[in-house]
Amino acid sequence: MTKEEFFLYCFEEYGVAPDYPFTGKKDRNTAIFRHSHNKKWFALTMDIPKSKLGIESNEVATVVNMKYSEDMLTAFEEMYENKDDDFKNFISDFCLKNDK
């Protein structure tokens, strides 16, 4: 899933657009998504070097930090099922490394 696809999903499913709270500061790529009823955030996207994820690369990856309900988890599990094995292995390895 690309960043744009994630943004579109959040808009179509929850009616919210990205908010850029750090505009004008060093980081202009970090976006947050807020619940429309209480303005609390439920997702944050940010670009980080893949090397921070333990991948030998100079490229940048977009990552998502998300608070989720069971409905959202189900939707993302369905998207995960449609991905190739390399993607699944990466996500599984990353979750295991960060589940400590």
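## Getting your bearings

A residue counts as buried when its relative accessible area is under 20%, as exposed when that area is over 50%, and as partly exposed in between. With that yardstick in hand, here is the overall picture: of the 100 residues in this protein, 20% count as buried. Keep in mind that you are looking at a predicted model.

What is the protein built from? There are 3 helices and 3 strands. If you walk along the sequence, you meet them in the pattern α-β-β-β-α-α.

## Aromatic rings

Let's start with the rings. The model has 5 aromatic pairs. One of them joins Tyr9 and Tyr14, whose ring centres sit 6.1 Å from each other with 75° between the planes. Is that pair stacked or edge-to-face? It is edge-to-face, because an angle over 60 degrees between the planes puts a pair in that class.

How covered are the two partners? Tyr9 has a relative accessibility of 12%, so it counts as buried. Tyr14 has a relative accessible area of 31%, so it goes down as partly exposed. Both tyrosines belong to one aromatic cluster, together with Phe6, Phe7, Phe33 and Phe42.

## Salt bridges

How many salt bridges does the structure hold? The count is 3. Take the one between Lys3 and Asp47, where the side chains meet at 3.3 Å, N to O. This pair links distant parts of the chain: Lys3 belongs to helix 1 (residues 3-14), Asp47 belongs to strand 2 (residues 41-49), and they are 44 residues apart. As for cover, Asp47 is partly exposed, at 29% relative accessibility.

Arg34 and Asp19 make another salt bridge, with 2.9 Å from N to O. Why does this pair tie together separate parts of the chain? Arg34 is in strand 1 (residues 31-34) while Asp19 is in the loop between helix 1 and strand 1, so the bridge connects parts that are 15 residues apart in sequence. Arg34 is partly exposed at 30% relative accessibility, and Asp19 is partly exposed too, at 29%.

Then there is Glu59 with Lys50, whose closest N and O atoms are 2.9 Å apart. Glu59 has a relative accessible area of 48%, which makes it partly exposed. Lys50 comes in at 23% relative accessibility, so it is also partly exposed.

## A negative patch on the surface

Now for the outside. Which residues form the negative surface patch? They are Glu70, Asp71, Glu77 and Glu78. Asp71 is a handy one to look up: you'll find it in helix 2 (residues 70-81). With a relative accessible area of 63%, Asp71 is exposed, because anything over 50% earns that label.

## Apart in sequence, set together in space

Here are two pairs to trace by their C-alpha atoms. Met46 and Val63 are 17 residues apart along the sequence, and their C-alpha atoms are 5.5 Å apart in space. Met46 lies in strand 2, and with a relative accessible area of 28% it is partly exposed.

The other pair is Phe22 and Ile32. They are 10 residues apart in sequence, with 9.8 Å from C-alpha to C-alpha. Phe22 has its place in the loop between helix 1 and strand 1. Is Phe22 buried or partly exposed? Its relative accessible area is 34%, so it is partly exposed.

## A lysine with a positive phi

One backbone angle deserves a stop on the tour. Lys39 has a positive phi of about 65°, although it is not a glycine. Where is Lys39? Look in the loop between strand 1 and strand 2. Its relative accessible area is 53%, so Lys39 counts as exposed.

Methods. Residues numbered from 1 in each chain as written. Predicted model: local features only at pLDDT ≥ 70, side-chain atom pairs only at ≥ 80, totals over all residues. Heavy atoms only, no water. Patch = residues over 30% accessible without salt bridge, like charges linked within 9 Å, V, L, I, M, F, W, Y side chains within 5 Å. Areas by Shrake-Rupley, 256 points an atom, 1.4 Å probe, with all protein chains shown as cover. Salt bridge = Lys/Arg side-chain N within 4 Å of Asp/Glu carboxyl O. Lys, Arg positive; Asp, Glu negative; His and termini not counted. Charge placed at Lys NZ, Arg CZ, Asp CG, Glu CD. Helix = DSSP H or I, 4+ residues; strand = E, 2+ residues; numbered from the N terminus. Buried < 20%, exposed > 50% of the residue type's maximum accessible area, 1.4 Å probe, protein only. Phe/Tyr/Trp six-rings, centres within 6.5 Å; stacked < 30°, edge-to-face > 60°.
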